[in-house]
Amino acid sequence: RASLRSVNDLDATPIRPVDVVRVEEFLRQHYVGGVSDVVALDVGGWSTPFAFRHDARARVIRFSTLDEDFRKDQRAAAYRTSALPIPALLEVGQALGGFFAVSERAFGDYLERTDAPALRLLLPALFALIDALRDADISGTSGYGSWGASGIGSQQRWADALLSVADDHPNLRIHGWSHQLNHSVPAMRAFREGHAALADVAPSLPDARHLIHSDLLNRNVLVAGDEITAVLDWGSALYGDFLFDVAWLWFWAPWSPGWSGVDLRQEAARHFETSGRLPERFEDRLRACAIYIGLDGMTYQAWKGLWVDLDATAERMIEVLGS
């Protein structure tokens, strides 16, 4: 579902296959002993992760052709709070023909795999996380949209960041998506309608500027009971309207069948009203973010050739446009 529209990242794909044997050999040499329990984890979109223990401490190591996402993780770690638990990134370096990053390992179930009762139990923690993102001090950074390790956003205004979703820049990681999109007539139609609707509203939206994770699903949020135990992988992070992360959960909710019956848009509005922090033009802003999210998801799915997912996202886009 997610994409990553960073520029100058043409080679941002996992390095040649890295197996447990190679990783264990590297770790034993790197740490000079004390390494055990090396196992492969669910493959990430832009890196290859493995769990291990070093002197009995649980760790994760990831490998990629670039260190940019790892550097973003380092920057994001400064925003860690009890409500926004970000595992410490302990080391970034070069190995096995690319880059690696070692982090503390967190444990829990994936947020998107919870059922409705479990999700309801998690709502206070989930909205506390959203509030923490909203309140993060990003005064030492600049710009909107995708940002790199420098902390500089790619756009000057939030509207520009939203509308840039239609760009197929040669330096995008997913360059070529627009040609691929032509393979699906329903997706092309939904994309045109969605971007037109976004162009109508985006210029009038406030230039809200907050920290956005931009991928609070896809195995990036770990939960246990009523707690969020970790928020992982900041490679897709943005600067802009904090409601983006709410819209992310709302837009992709149908992909988590267990969430049926939980209206995340309504729950979010209730939370902000109760806390006295309901943002102005809540509905317009949330809907604009959701439209961008659908469009962005379609660019990635077209690029990857995920035709079934692409058509399903196009249908969801039409639903959001009619909401």
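Which backbone oxygen does the side chain of Tyr-144 reach? I would like to start from that question this morning, and I should say at once that we are looking at a predicted model. The answer is the backbone oxygen of Asp-207, which the side chain of Tyr-144 reaches at 2.9 Å.

Let me stay with this tyrosine for a moment. Tyr-144 belongs to strand β7, which covers residues 144-147, and with a relative accessibility of 10% Tyr-144 counts as buried, because the cut-off for that word is under 20%. If we set aside the neighbours within four places in sequence, the residues in contact with Tyr-144 include Gly-153, Ser-154, Trp-158, Ala-161, Asp-207, Arg-209 and Tyr-239. Gly-240 is also in contact with Tyr-144, and although these two residues are 96 apart in sequence, their C-alpha atoms are 5.5 Å apart in space.

One of those contacts, Trp-158, takes us to the aromatic residues. Trp-158 is part of one aromatic cluster, together with Phe-244, Trp-248, Phe-251, Trp-252, Trp-255 and Tyr-292. If you now look at helix α7, residues 243-252, you will find that 10 of its 10 residues are buried, among them Phe-244, Trp-248, Phe-251 and Trp-252 from the cluster, and also Asp-245.

Across the whole structure, a search finds 15 aromatic pairs, and I will pick out two of them. In the pair of Phe-26 and Phe-100, the arrangement is edge-to-face, with 5.1 Å from centre to centre and 65° between the planes. Phe-26 sits in helix α1, residues 20-31, while Phe-100 sits in strand β5, residues 98-104, so this pair ties together parts that lie 74 residues apart in sequence. Both partners count as buried, Phe-26 at 13% relative accessibility and Phe-100 at 2%.

The second pair, Phe-272 with Phe-282, is also edge-to-face, with 6.2 Å between the centres and 65° between the planes. Here Phe-272 comes from helix α8, residues 264-274, and Phe-282 from helix α9, residues 282-304, with the two positions 10 residues apart in sequence numbering. Phe-272 is buried, with a relative accessible area of 0%, and Phe-282 counts as buried at 7%. The face of Phe-272 has a further partner, since Arg-134 lies over it at 5.6 Å from the ring centre. Elsewhere, the charged end of Lys-72 sits over the ring of Trp-147, 4.5 Å from its centre.

Finally, let us turn to the sheet, where strand β5 comes back. The sheet is open and has 5 strands in the order β1-β2-β3-β5-β4, with antiparallel pairing. At its edges are β1 (35-40) and β4 (89-95), each of which pairs on one side only, and neighbouring strands are turned against each other by 25° on average, direction ignored. Within this sheet, strand β3, residues 57-64, pairs with β5 in the antiparallel sense over 6 bridges, and Ile-61 stands opposite Val-102 in β5. Helix α1, where we met Phe-26, packs on the sheet and touches β1, β2 (48-54), β3, β4 and β5, its direction making about 150° with that of β1. Helix α2, residues 68-76, lies across β3, β4 and β5 and runs at about 165° to β4.

To return to the opening, what I would ask you to find on the screen is the side chain of Tyr-144 and the backbone oxygen of Asp-207, 2.9 Å apart.

Key. Residues are numbered from 1 along each chain as its sequence is written. This is a predicted model: local features need pLDDT of at least 70, side-chain atom pairs count only at pLDDT 80 or more; totals for chains, interfaces and linings use all residues. Side-chain values use heavy atoms; hydrogens and water are left out. Rings of Phe, Tyr and Trp (its six-membered ring) pair if their centres lie within 6.5 Å; planes under 30 degrees apart count as stacked, over 60 as edge-to-face and the rest as tilted. Helices (H or I, at least four residues) and strands (E, at least two) are DSSP runs, numbered from the N terminus. Buried means under 20% relative accessible area, exposed over 50%, partly exposed in between (1.4 Å probe, protein chains only). A charge sits over a ring if NZ of Lys or CZ of Arg is within 6 Å of the ring centre and within 35 degrees of the ring normal. Two strands pair if DSSP finds at least two bridges between them. Axes are lines fitted to C-alpha atoms, for helices over the stretch in contact, and angles run from 0 to 180 degrees between N-to-C directions. Contact means heavy atoms within 4.5 Å. A polar contact is a pair of N or O atoms within 3.5 Å; within protein, one must be able to donate a hydrogen and the other to accept it, and residues adjacent in sequence count only if both atoms are side-chain atoms.
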